[in-house]
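Open the model in your viewer and keep the selection box to hand. The tour goes from one selection to the next.

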Amino acid sequence: MAGKFKKCLAGVLALMLSASTANLSILYVSATDFIEELNAEIGSGDINKDGYVNSDDVGMIKELIGSTARSISSSEYSLYDVYKDDTIDVRDLMAVKQLADGKIPEKPENESSGKTVKLEVTDADCCPGEQVTVDINIIDWNQDINAVELYIDFDSSLSLANISCKGDYQYAIEENELKIFGLSTLKDVYRGTVATLTFDVPDTAYGDYDVKVKECSFYNENFQKFSPTTEVGLISADVTERPLYLAPSYVNSSSLRLSWSMPYCSGALEGYIVYRDGVEIARTSENLYYDENLENGKKYTYAVQAYGDDNYLSAKSKAITSMPQNPSISAITFPDNASVIGGKSTYVKCSLEKTVDASEYSLSYIDLQGEKQTIFTGNNLAFSTLMRAIFISI
């Protein structure tokens, strides 16, 4: 084969010497044709059919492979199936890249290298409502890995918030299936972490959630396969030992109410420590706390920690931020959405944007003479909607 290739190149050189005015692009196509003849099992790699095999062709096949989380059948994109195995994947990408670099790829007689590569997904612990990260690692520093294609499946309860791929790797995702693929451009790119995945864990999470490699393919530069071994990663959502679901409510102009729950406690629970902006402000035996005398419009950060006998102290809850603000009326309506009041009395309905817990409240209106008229007053009431009758003197 090598001899035949030298003769072909000699033919090209002779053609260039005898016809110095020949179109160079035509000569390039002729050279590509010779390569095709020498490598009947590998396609030309000229995907965009412009007569050249270069970075444009590499970019096109990367884009196609990255368009879906699954492998692509060659029936519709036969020109992309450079490796000619009826599937478009990283082997085709590797073949096009080699052709673009002036190499002559060949399908090996034995596609198995007989070597093994270990792949793992790291474990992680977290609490409900938090973000957690896991790494996809190749645990092998000796193999000459040139192309990688991984299919990762994760629990549908998890939400993938971010993917950070290393080196020249890329990804595609569909629902809860993720594909990571690419070529190793540097000797240390494929060693260690391939990608880092960040997940949002739901507030209701409890137990273990799988992040596992369903399929993985590794190839050396001669297109030989490695036999992979994998380890499943577990995200363990631990709902014990810390207060959960901390949330503000009844947000008023200078106060708010905090509430939380404690599903399980291994110690002798006595109560909870409430923190505002990292400083302890109170201890309470209840699962709620009213914080008062706050500055209107200022943001405050809260966290809660359980404590008990024998110096028991849980981890702190997930921190939240809230801001006291004046109650805002979203709507005032009359029966049947009337805009005109008639008769001696009617009902008025006042709706607020958020629920308040008012120590005192009143609803007033301005009459035709410009005077303020109070409709009703009250105290110590948590509400978001008030319905009251008003009596009009005629």
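Which residues have the most contacts inside the largest nonpolar core? In this predicted model, select L119, L150, I180, L197, F199, V211 and F218: these have the most contacts inside that core, which has 32 residues.

Next, colour the elements that give two or more residues to this core: β3 (112-121), β4 (124-126), β5 (131-138), β6 (147-154), β7 (159-165), β9 (177-183), β10 (192-200) and β11 (207-219). The largest share comes from β11, with 5 residues. Another core, of 23 residues, lies apart from this one; select V53, I65, V90 and L183, which are among its residues.

**Helix α4**

Now select residues 90-100, which form helix α4. How many of its residues are buried? The count is 9 of 11, so the helix is mostly covered. The buried residues in α4 are V90, R91, D92, L93, M94, A95, V96, Q98 and L99. Arginine and aspartate are thus represented in the list, as R91 and D92. V90 also belongs to the 23-residue core. Move on to G102, just after α4, where the backbone takes a positive phi of about 85 degrees.

**The loop between α2 and α3**

Select S44, in the loop between α2 (24-38) and α3 (55-65). Is S44 buried or exposed? S44 has a relative accessible area of 17% and is therefore buried, the cut-off being under 20%. Show its side chain: it reaches the backbone nitrogen of D46 at 3.2 Å.

**Two cysteines**

Select C165 and C216 and compare their accessible areas. C165 has a relative accessible area of 21%, so it is partly exposed. C216, at 13%, is buried. These values fall on either side of the 20% cut-off for buried residues. If you are looking for disulfides, the count for the model comes to 0.

**The second largest pocket**

Finally, go to P327, E360, Y361, S362 and F383. Of the 17 residues that line the second largest pocket, these lie nearest its centre. The pocket has a volume of about 340 Å³. Which element gives the most to its lining? Select β23, which gives 10 residues. β23 (345-366) and β24 (372-391) each supply at least two residues of the lining. Colour the lining by class to see 11 nonpolar, 4 polar and 2 charged residues.

Key. Residues are numbered from 1 along each chain as its sequence is written. This is a predicted model: local features need pLDDT of at least 70, side-chain atom pairs count only at pLDDT 80 or more; totals for chains, interfaces and linings use all residues. Side-chain values use heavy atoms; hydrogens and water are left out. A disulfide is a pair of cysteine sulfur atoms within 2.5 Å. Buried means under 20% relative accessible area, exposed over 50%, partly exposed in between (1.4 Å probe, protein chains only). A nonpolar core is a set of buried Ala, Val, Leu, Ile, Met, Phe, Trp, Tyr and Cys residues joined through side-chain atoms within 4.5 Å. Helices (H or I, at least four residues) and strands (E, at least two) are DSSP runs, numbered from the N terminus. A polar contact is a pair of N or O atoms within 3.5 Å; within protein, one must be able to donate a hydrogen and the other to accept it, and residues adjacent in sequence count only if both atoms are side-chain atoms. On a 1 Å grid over the protein atoms alone, a cavity is a set of points where a 1.4 Å probe fits but cannot get out, and a pocket is an open set with protein on both sides within 12 Å along at least five of seven lines; lining residues have an atom within 4 Å of a point. Grid points are joined across faces, edges and corners, and a volume is the space filled by probe spheres set on the points. Ala, Val, Leu, Ile, Met, Phe, Trp, Tyr, Cys and Pro count as nonpolar, Asp, Glu, Lys and Arg as charged, and the others, Gly among them, as polar.
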